[in-house]
Each structure stands twice: as C-alpha cells, then as structure tokens.
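The following briefing concerns one protein model and its sequence. It addresses a pocket, a sheet with its helices, and one loop residue.

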Amino acid sequence: MKPLREPRPTAAGESVFDVMRQEYVDTHPASQAMYLRAKLALAGGSSHNFRALQPFPLYFTQGRGALIWDVDGTPHVDHALNGASAILGHAYPTVVEAIRAYNPTRPGATNTELEVLWGERLKALFPAADLVRFTGSGSESSTLAFRLARAFTGKPRILRFHRSYHGWHDQLMIGNMAPYDQAPTGVPTSETDTVVAMSLDGDLSAVAERLAVGDIAAVIVEPSGAGMGLTPLAPAKLRALRDLARRHDVLFIADENITGLRWAPGGVQEQLELDPDISLLGKIATGGYPGGVVLGKQAVMEQIASGIRSTVGHSGTFNGHPLTATAAIATIEALVDGSAQRRATMYADRLKSALNEVFAELGIAGFAYGLASTYWVHLRPANAPDVGITPGVASLGGIAPSQLANGPLDISEALMWGLATEGVINSIFNGGFTSAAHGDHELETTVYAYRRVLTRLRSAGIVSAS
Ligand SMILES: Cc1ncc(COP(=O)(O)O)c(C=O)c1O
C-alpha cells in the first residue's frame, strides 16, 4: 500500500475544506484558466448545473478505457463515465470504428434504416417493448411518457418519488428537491397540480391511499432507486409498486435511463420481470451520444403511430439521429451477452469491499454500498444523529432513503476536490459508476484517494469516528 502523502497542515483561520480546495486549485491550473475563459461565454462556465463544480470544474480532452485526461494532461480514473453512459469504458474499439466509418453525407433529420435497426435491437432486448419512439434526451422521454399516459388513461396527474430524477422540464422539477411539493424558481406554480411527489420512506400504504383517489395516470420510478441508485430500491418494493399501479389501473413507467443495459442487457425489467407499460432509456442505449428512447406497450404507443393524424403529438428535429444510432447499435452489440456488465459489477463489488475496509480501519461511521455497477459512500457527519452505523458495514436497514439522499453538500464538494487532487472523478453525490474497463490500477488509485480524503475529514472532526 502506497504511504499517504501528507496534507499541508491548516494555517490559522483556515479549515480543512480550505486546504482541500486549495490543493484542488493547485493541481488543476489549466482547468482554472479554461473556467475563467469559459464563464465569459457559457453561463456558469458549463452546460449543466451539476457539472459546474466550484471553485471551477475540470475540463477534459480525451477518454480511453476507465481514464479521462483533463486539459492539464492529467489522467483521472473516471467514475462519472459520460453521465453513466460509458459502461464499456471510453473509446470502446468497435464503437470508435463505427463512428469512424460513419458517412457524414448521410442525411440527419429524416427517416433512416439505422433508426429501424436501432429500434429492432432494443425491442429484442426489452421484453415490454412493443414499439419504440426516439427522442432528443432523457428529459424529453419522460415528458413524452407523461403525455402518453395522460392521454391513454384520461387522468391528469403523475405520481413520482422524492429525489428520483427524470429530467428537468417544468413538471419534472416538482419533487426533485426539497421542498418537494413546491414549484422551484422559474417553474409555474400550476405545475404542482400536474405531479404528485411522494416519499419512498417506510411502507407503501400512503402510496396505495393516494392511488385510490383515482386521478393518477402513471407512476414513474427509477428502478435503481432515487438518485441513480443513491437510495437503492429493494426489488420486493419495486414489484409491489408495479402491482399497486396495476391494481389501480395506473400505468407503470420504468425510467431505465441508468439501469437499462447496465443492470442487465434488458435492464431491471428483464431481471425482475417488471413488465412496465412504458420504459425510458438513454445514455448507454444511445451509445453515449445525444438522444433518448421511449418504449411501450402497443396500445399506449399507437397514440403516436399515425403520423400527423396521431391522437398524441410528438416531434423533435434530431430524434433517432443516424450518428447516435450508429454509436448505439455498436454499443448494444457489445453488451447483449451481459459479460461487460458482469465485469463492471465485479469491479464495483471489489471497490465497495475495499472502501469498506478503509472505513473499518479508520473507524469512521460510514460505508460504501450500491447496486450493480454503481457505488455510493454514506458518511455520518460529526453533528448528525447516531443511527447505529458500524464502520465499513453496508447495512441500510436503519437508514431511510431520505437520509441517504441528503448528505451535506460541503462534505460532498470536499470529497470531489480531494479525489480529483488524487486523480479520481466521481459522479455527483458521493460515488458513481463503474465500467468493464476498470481494473486493478483504477481500484488502487481510487482506494488511495478515499483513504487520504477520509483520513483528513476524520482528523478535522468533520465525519464521525466511531
Ligand atoms: C434516471 C434518469 N432519468 C432521466 C434523466 C434525464 O436524462 P437527460 O439528461 O438525457 O435529459 C437522467 C439523467 O441523468 C436520469 O438519470
């Protein structure tokens, strides 16, 4: 094991957060310079609120396998993986080859055989897909799914769960963040009448009661659990939700943007025989290129199957774009046998065990957990109530999903700075995704980075020592 590089001691009036932030600044000068330039052209110097880490985000130039290089030329172990899309690792050879062979004279916003092929591939993998419709993004997919569900059932509202993420359009913002029943700034208050946001803490009796009111068109879930799996959803609870929806004649929407082709080739619906009425895919299913996918049962999808005479409107200039289709088909082909997913999951399991050894060794009240090829880290801040965590023991029993989701932002930020200083990139929140390309080097680098950061947070009394 590599000896820990000593942190610079804090000076008078300086906190450990200040030191970690300064180390991050000192080790990424080209990104800092890029940010100063970027923020004069781009709002926040970025194109996505969650990519805009403060005091500046990193900017990247290339990715290969499990590594990405920033503009300083420094390689980082990547656990963000292009928004969770790169499960094969960056620049997977057959995907690169397919893009290289792409004919740029091919028309882009028209009907092509490539979108037909892409749809056929997805239909073969996802058992509940009678018909497919491509969209421009995951947010557009959920918007279309809600419209289809309302039109199909004649009911006005969608039931969704706190902190589950389905995109950023107005109605999707109700329930993303606390206060869950209020429209965030810029979202019309009338949207609070279109979506019912509920907690998944405890049993499902409140959900059953709400469904019994009779105004809900569809229930939408992230089958990983909210926040890309940050708050895992037990299979039994997921199935119970599906059964409740069926019992109340409510459509069941599985948002498999994260889980589709990651948990298994045919997503969680294949593993658990979920049989959703509508499923949403993106990220991996779009080969890491822009786009989104809605899959659904014949009767639901037929509402958009008659062109301009369809009962439900849907359009989008670049839906089913052949460049995205090219990357998607190559990606899906590399994932159909499930071996890449198994490699990514095995690495994630090794990483979680190694991180839990670090928690146990340092005696920090926290643990690593997560389903399939994801990993998350739960830390008990020193000022938080004791919920009986044994260091390094991933027991979620006594911890409600809402507690897992609401860790302090300053600790998450410090974690991102500390890890990036050591050459490790996390997704948002404390953790991220793994790929089939992650191996021993990535494991050692990541565990070293965590050991260093956690040691410092413990010494500064920021996280609880048990
Ligand atoms: C589960 C889930 N649904 C929907 C979306 C939205 O997709 P997009 O960012 O393509 O709009 C995301 C994005 O992270 C997601 O994780």
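The second largest pocket encloses about 490 Å³ of space; a pocket here is an open set of points on a 1 Å grid over the protein atoms alone, where a 1.4 Å probe fits, with protein on both sides within 12 Å along at least five of seven lines. Its volume is the space filled by probe spheres set on the points, which are joined across faces, edges and corners. The model is predicted, so local features need pLDDT of at least 70 and side-chain atom pairs pLDDT 80 or more, whereas totals for chains, interfaces and linings use all residues. Residues are numbered from 1 along each chain as its sequence is written, and side-chain values use heavy atoms, without hydrogens and water.

**Pocket lining**
- The second largest pocket is lined by 21 residues (an atom within 4 Å of a point), of which Asn111, Glu115, Val132, Arg133 and Phe134 are the closest to its centre.
- Helix 5 gives the largest share of this lining, 5 residues, and both helix 5 and strand 4 supply at least two residues each; helices (H or I, at least four residues) and strands (E, at least two) are DSSP runs numbered from the N terminus.
- The lining comprises 8 nonpolar, 8 polar and 5 charged residues, where Ala, Val, Leu, Ile, Met, Phe, Trp, Tyr, Cys and Pro count as nonpolar, Asp, Glu, Lys and Arg as charged, and the others, Gly among them, as polar.

**Sheet**
- Seven strands form an open sheet in the order 4-12-11-10-7-5-6, with mixed pairing (two strands pair if DSSP finds at least two bridges between them).
- Strand 4 (131-135) and strand 6 (195-198) are the edges; each has a single partner strand, so one side of each lacks a neighbour in the sheet.
- From one strand to the next, the twist averages 20°.
- Strand 5 (residues 157-161) pairs with strand 7 (residues 216-221) in the parallel sense over 3 bridges, and Ile158 has Ala218 of strand 7 as its bridge partner.

**Helices on the sheet**
- Helix 5 (residues 113-125) packs on the sheet, touching strand 4, strand 11 (278-281) and strand 12 (292-296), contact meaning heavy atoms within 4.5 Å.
- The direction of helix 5 makes about 125° with that of strand 4; axes are lines fitted to C-alpha atoms, for helices over the stretch in contact, and angles run from 0 to 180 degrees between N-to-C directions.
- Helix 6 (residues 138-153) runs at about 170° to strand 11.

**Ile258**
- Ile258 lies in the loop between strand 10 and helix 9 (267-272).
- Ile258 counts as buried because its relative accessibility is 5%, the limit being under 20% relative accessible area (1.4 Å probe, protein chains only).
- Beyond four places in sequence, Ile258 touches Ala84, Met228, Trp263, Lys283 and Phe433.

Definitions and conventions:
Buried means under 20% relative accessible area, exposed over 50%, partly exposed in between (1.4 Å probe, protein chains only).
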